[in-house]
Amino acid sequence: MDDKEIKAIIEALIFVSGEPITLNRIKDVIDGADKKTIETLASELKDEFNKEHNGLQLVEVANGYQLTTRPEYAPWIKKLNKIKLASKLSKPALETLAIIAYKQPIIRPEIEKIRGVDSGGVIKTLLERKIIKIIGRMDIVGKPILYSTTPEFLQYFGLKDLSDLPTLKEFHELKEEEIPVTASAEASNNQRETA
């Protein structure tokens, strides 16, 4: 098989997969192609898709490749298929998920200590939505369950891997940037009220 044919097969596999497909999975399917060649051809394919302004784009997400529609065409897709927006996560679910994402593997008592409230219901919801998973039990008294995020978590938030999560330093910098804007906005409001 030549590279052109391998690239076409990679494109077909990504298209029919429906979920992110890893290089290892592609290699398992394509006999005789080495991982480096597959990686090079997948990268070329990604560049080709993203260079042209088509309705589809090839993205790296959840440690794999996936064909997605471009965000700017979402209104037409929704109109055609009458797609309902995916249900959003509640604030408690997002808080719990953030704790799990940054502290994983983590047990429920640690989550509840950080949040300050019972998190059983939220954890159950996140498990049902397959955004988190049980990865085992901690080897302490009571053998509490350990939780971590799943590939669906990466896919839900459009992350290539966990290293794409913003650092705590970036959160603090963002918060510091917001403070002067808020202070100047309050000053403007105060001036308007006294005028």
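## A walk through the fold

From the N terminus on, this predicted model runs through its elements as α-α-α-β-β-α-α-β-α-α-β-β-α-α.

Visitor: How many helices and strands does the protein chain have?

Guide: The order starts with α-α-α and closes with α-α, with β elements in between. For the protein chain the count is nine helices and five strands.

Visitor: What share of the residues of the protein chain count as buried?
Guide: Let's start with the surface: the protein chain exposes about 13,400 Å², and carbon and sulfur atoms supply 55% of that. Buried means under 20% relative accessible area. Of the 195 residues, the share that counts as buried is 28%.

Visitor: And which share of the contacts with a separation of 6 or more comes from residues 24 or more positions apart?
Guide: Contact here means heavy atoms within 4.5 Å. Among contacts in the protein chain with a separation of 6 or more, residues 24 or more positions apart account for 45%.

Visitor: Which strands stand at the edges of the open sheet of three strands?
Guide: The order in that sheet is β3-β5-β4, with antiparallel pairing. Two of these strands have a single partner strand each, so one side of each is left without a neighbour in the sheet. Those edge strands are β3 (106-107) and β4 (132-137).

Visitor: Which residue stands opposite Ile 145 in β5?
Guide: Strand β5 covers residues 145-149 and pairs with β4 in the antiparallel sense, over five bridges. β4 spans 132-137. Opposite Ile 145 stands Arg 137.

Visitor: Which helix packs on the sheet?
Guide: The helix in question touches β3, β4 and β5. Its direction makes about 95 degrees with that of β5. It covers residues 91-103, and it's helix α5.

Visitor: Is α5 roughly parallel or roughly perpendicular to α7?
Guide: Helix α7 (residues 120-128) packs with α5 at an angle of about 80 degrees, and their axes are 9 Å apart. Angles of 65 to 115 degrees count as roughly perpendicular. So α5 is, with respect to α7, roughly perpendicular.

Visitor: Which residues in α7 are met by Pro 92, Ala 93, Thr 96 and Leu 97 in α5?
Guide: The two helices pack with their axes 9 Å apart. Pro 92, Ala 93, Thr 96 and Leu 97 supply the α5 side, and they meet Val 122, Ile 123 and Leu 126.

Visitor: Which residues does the cis peptide bond join?
Guide: Have a look at the loop between α5 and β3, where Pro 105 is found. Omega at the bond is about -10 degrees. The cis bond joins Gln 104 and Pro 105.

Visitor: Is Asn 63 buried or partly exposed?
Guide: Asn 63 sits in the loop between β1 (56-61) and β2 (64-69). Its phi is near 60 degrees, a positive value in a residue other than glycine. With 49% relative accessibility, Asn 63 counts as partly exposed.

Visitor: Where is Lys 143?
Guide: Lys 143 is not a glycine, and yet it has a positive phi of about 45 degrees. Its relative accessible area is 41%, so it is partly exposed. The place of Lys 143 is the loop between β4 and β5.

Visitor: Does Gln 57 count as buried or exposed?
Guide: Gln 57 lies in strand β1. Leaving aside neighbours within four places in sequence, its contacts include Phe 49, Gln 66, Leu 67, Thr 68 and Pro 71. Buried means under 20% relative accessible area. Gln 57 has 17%, so it counts as buried.

Visitor: Is the aromatic pair of Tyr 73 and Trp 76 stacked, edge-to-face or tilted?
Guide: By the ring-pairing rule, the count comes to three aromatic pairs. In the pair of Tyr 73 and Trp 76, the centres are 6.5 Å apart, with 55 degrees between the planes. Planes under 30 degrees apart count as stacked and over 60 as edge-to-face. That leaves this pair as tilted.

Visitor: What about Tyr 156 and Phe 157: stacked, edge-to-face or tilted?
Guide: Their rings lie 4.9 Å centre to centre, with 65 degrees between the planes. Over 60 degrees counts as edge-to-face. So the pair is edge-to-face.

Visitor: Which residues form one aromatic cluster?
Guide: Tyr 156 is partly exposed, with a relative accessible area of 36%. Phe 157 counts as partly exposed at 36% relative accessibility. The cluster is made up of Phe 153, Tyr 156 and Phe 157.

Technical notes. Residues numbered from 1 in each chain as written. Predicted model: local features only at pLDDT ≥ 70, side-chain atom pairs only at ≥ 80, totals over all residues. Heavy atoms only, no water. Phe/Tyr/Trp six-rings, centres within 6.5 Å; stacked < 30°, edge-to-face > 60°. Buried < 20%, exposed > 50% of the residue type's maximum accessible area, 1.4 Å probe, protein only. Pairing = 2+ DSSP bridges. Helix = DSSP H or I, 4+ residues; strand = E, 2+ residues; numbered from the N terminus. Axes fitted to C-alpha atoms, helices over the stretch in contact; angles between N-to-C directions. Areas by Shrake-Rupley, 256 points an atom, 1.4 Å probe, with all protein chains shown as cover. Parallel < 35°, antiparallel > 145°, perpendicular 65-115°, else oblique.
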